[in-house]
Amino acid sequence: MTTIQELAEGFDDLPYNVFAKACPSRGTLEHVTGRWGGLALGALYEGSLRFNELRRRVDGVSEKMLSQTLHALERDGLVHREAQPTNPPRVDYELTPLGRDVAQRLLALIHFVEGSMDEVLAARERYDSARA
């Protein structure tokens, strides 16, 4: 089994440590891996989307939660918001270069999870049966 130290080799010289409570990287990790952040980043990897297009793509997210998520991702430099002075106003969201890098890694994890769902569902069934 690989340890965290082994996985982190080559990152020892970084000034941030997500495992430290006060490290600002922890907040960004939460934004990226939170329920809606990862889905928004993954959806935007396909290209620029307007707010309602993104909301439809990320099925189940409320307008309020999507707005909060996008603000956090924009603040972290992962998403660019482009407001155009039209009537009604048009707002487009797209990934920044950093956001594309993050989304690419997230999509690899998403595809891995999707491809492993038969195993996950079987494990859930065994777990539930053992506790019934």
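In what order do the 3 strands of the open sheet come, and is their pairing parallel or antiparallel? The order is β1-β3-β2, and the pairing is antiparallel. Keep in mind as you look around that this is a predicted model.

Let's start with the edges. These are β1, residues 49-50, and β2, residues 79-84, and each of them pairs on one side only. On the β1 side, 2 bridges link that strand to β3 (residues 90-95), with the two running antiparallel. You can pick out the facing residues: L49 sits opposite Y93 of β3, and R50 has D92 of β3 across from it.

Now go over to the other edge. Here β2 and β3 are joined by 6 bridges, again in an antiparallel arrangement. V79, for example, stands opposite L95 in β3. To get from β2 to β3 along the chain, you follow a hairpin through 5 residues.

Next, find the helix that packs on this sheet. That's α3, which touches β1, β2 and β3, its direction making about 95° with that of β3. The helix spans residues 37-44, and it also packs with α6 (residues 97-115): the angle is about 105° and the axes lie 9 Å apart. Since angles from 65 to 115 degrees count as roughly perpendicular, α3 is therefore roughly perpendicular to α6. On the α3 side, the contact is made by G38, L41 and G42, while α6 brings V102, A103, L106, L107 and I110. Sort the residues of this α3–α6 contact by class and you get 6 nonpolar, 2 polar and no charged ones.

L41 turns up again when you look at the core. The largest nonpolar core has 21 residues, and L41 is among those with the most contacts inside it, along with L44, L54, L70, V79 and Y93. So which elements give two or more residues to this core? They are α3, α4 (51-57), α5 (63-75), β3 and α6. Of the contributors, α3 gives the most, with 4 residues. As a general backdrop, nonpolar side chains in soluble globular proteins tend to be buried together.

For a closer look at the core, try L70. Setting aside its neighbours within four places in sequence, L70 is in contact with L44, F51, L54, V79 and Y93. Two of these partners should look familiar from the sheet: V79 is the residue opposite L95, and Y93 is the one facing L49.

Definitions and conventions: Residues are numbered from 1 along each chain as its sequence is written. This is a predicted model: local features need pLDDT of at least 70, side-chain atom pairs count only at pLDDT 80 or more; totals for chains, interfaces and linings use all residues. Side-chain values use heavy atoms; hydrogens and water are left out. Axes are lines fitted to C-alpha atoms, for helices over the stretch in contact, and angles run from 0 to 180 degrees between N-to-C directions. Angles under 35 degrees count as roughly parallel, over 145 as roughly antiparallel, 65 to 115 as roughly perpendicular and the rest as oblique. Contact means heavy atoms within 4.5 Å. Ala, Val, Leu, Ile, Met, Phe, Trp, Tyr, Cys and Pro count as nonpolar, Asp, Glu, Lys and Arg as charged, and the others, Gly among them, as polar. Two strands pair if DSSP finds at least two bridges between them. A nonpolar core is a set of buried Ala, Val, Leu, Ile, Met, Phe, Trp, Tyr and Cys residues joined through side-chain atoms within 4.5 Å. Buried means under 20% relative accessible area, exposed over 50%, partly exposed in between (1.4 Å probe, protein chains only).
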